[in-house]
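Visitor: I am new to this structure and would like a close look at a single part of it. Could you walk me through one small sheet and a couple of residues in the same chain?

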Amino acid sequence: MSEENWIEVGSTDSIEEEDLIRFDHQDKTFCVYKLTDGFYATDGICTHEAVHLEDGLVMDDEIECPMHQGIFNIKSGEALSPPACEDLKTYPVKVDNDKIFIKID
Amino acid sequence: MKNNIVILGGGQAGIYAAREIRQNDSKSNIKILGEENLLPYERPPLSKDFLLDKKKEEDLYFHSSDVLKNENIEFENISINKVDFENKKLFAKNDNVYSYDSLLISTGSENKKLTLDNNLKNDIYYLRNLEEAKKIKEIVSNKNKITIIGGGFIGLEIASSLSQLQKKVIVIEIGNQLMGRIIPKQIADLVQNTHIEHGNEIILNKQIEKITKKNGDYEILLNDNSLIETDFIIVGIGSTPTVKLFENTNLKLDNGIVTNQFCETSIKDVFAAGDVSNFYHPFYERNMRLESYQHAQNHGICAGKNIAGVKTEYTSIPWMWSDQFNLNLQLTGICDEYDEIIKRGNDINNGVIYFFLKNNKIRGACGVGIIGKVGRDIRITSKLTEKDTIVDKQILSDQNLKLNKLIQK
């Protein structure tokens, strides 16, 4: 795991619990979530149609697409409810000095 | 016990039912009989991304043939022309006979047709299935001025797609607003503005008197004597449940096949799901028939559970969407039973939602906004509706206050 792939997203207080922020980096969009047990990150675009998940609903460990209600597990990326059937890519997250970092491959 | 389960209708409700049955019953034979020689596919993209060439035919299928094979679900392309409920048999046009222990009817719905002179029938196009979408896509590539009769979801989605293909589009609607059957006028007017901004012409309150073919083009005479010249005509004026096969049987019909909250029809071991079913909704305490993606899916799943012996009430709060230009319109619940309307938001860039309340509880809501802007709030609204929550109207009406505050209380 090389250090240079950890990208700083923002401070830990920039996300409310059970919510997310969008993070753009080099033409890619990510969503970073604060759940009850920590921070998580996924791709920021729904696998069903090209819609930003930043406007979606976070509930329990799930993110629901705002356009067609496809649901994904935030921790595993698993597509849980149609029309989404392709899993969402997830990324490792770490917190260091109240800053959130995600590891982009 | 091993049963023969037959699913009549190879659409979305049918495939979701089949897979749900298999989840609960590993032994029974499951056979889907479909009229189209295609595995079940998604219809919403036909009027949008398929016409715009953003999605191809292979992107539309719900599941590959491998998935069906792995789950031991048979699919057969066959047209049934007689049903014998007493002896539990279906008869096909080619003399095949199918016996069932349990039958699911998921025949869907079909387009209402414009009444026209017979000699014009081949000139008018409708859009429901892939074949029709392919035809329209091919023909419009050589047309410029296209008229759409009917200002409902399908007509407006086609209008949006054709406008994006640089066509001149005219929409003629008989009612005094677009999408009048289920969308509140306040929202319909916002959508109408967007069509006009993109150059589409919207004509309301007009009926078609006559269509005349002239040198390969058409003249449409309206009831105010105005005349529209056009190269191509597409009609989307609603649909009716596909029940012709059952008209002279004991199956109870009334705007579709009447079912209870368990997807059961008036005949034992016969179930119905999706567009064809006029089902009892326990939350709204009334029967309704819905034509939507979410309903076809969830009702199919519910029927599948009940067929497999897992008694399950259908309680999904209705939800549907339409995408036109860069707008996403969503509706949840029902918007025709209310004593108060509350508006949230003022412009489509951030989303506008109208909530329909009765006794301080939400019965339904409808919103429209730039893609992504109303989905979260509409989803929370579905949950508030389902939970029969008495809502804080201040939070509903103020877009700066998050709606999930209401759900967490």
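Guide: Here is a short tour of chain B, beginning with a sheet and moving on to two residues.

This is a predicted model, where local features need pLDDT of at least 70, side-chain atom pairs count only at pLDDT 80 or more, and totals for chains, interfaces and linings use all residues. Residues are numbered from 1 along each chain as its sequence is written, chains are lettered from A and ligands numbered from 1 in the order in which they are written, and side-chain values use heavy atoms, with hydrogens and water left out.

In chain B, three strands make an open, antiparallel sheet in the order β4-β5-β6. Strands (E, at least two residues) are DSSP runs, numbered from the N terminus, and two of them pair if DSSP finds at least two bridges between them. At the edges sit β4 (80-84) and β6 (97-99) of chain B, each pairing on one side only. Strand β5 (residues 89-92) of chain B is joined to β6(B) by three bridges, and K89(B) has S99(B) as its bridge partner in β6(B).

Now to R344(B), part of strand β24 (residues 340-344) of chain B. R344(B) is buried, at 2% relative accessible area; buried means under 20% (1.4 Å probe, protein chains only). The backbone oxygen of I395(B) lies 2.7 Å from a polar atom of the R344(B) side chain.

Last comes I203(B), found in strand β12 (residues 201-203) of chain B. I203(B) also counts as buried, at 14% relative accessibility.

Notes: Helices (H or I, at least four residues) and strands (E, at least two) are DSSP runs, numbered from the N terminus. Buried means under 20% relative accessible area, exposed over 50%, partly exposed in between (1.4 Å probe, protein chains only). A polar contact is a pair of N or O atoms within 3.5 Å; within protein, one must be able to donate a hydrogen and the other to accept it, and residues adjacent in sequence count only if both atoms are side-chain atoms.
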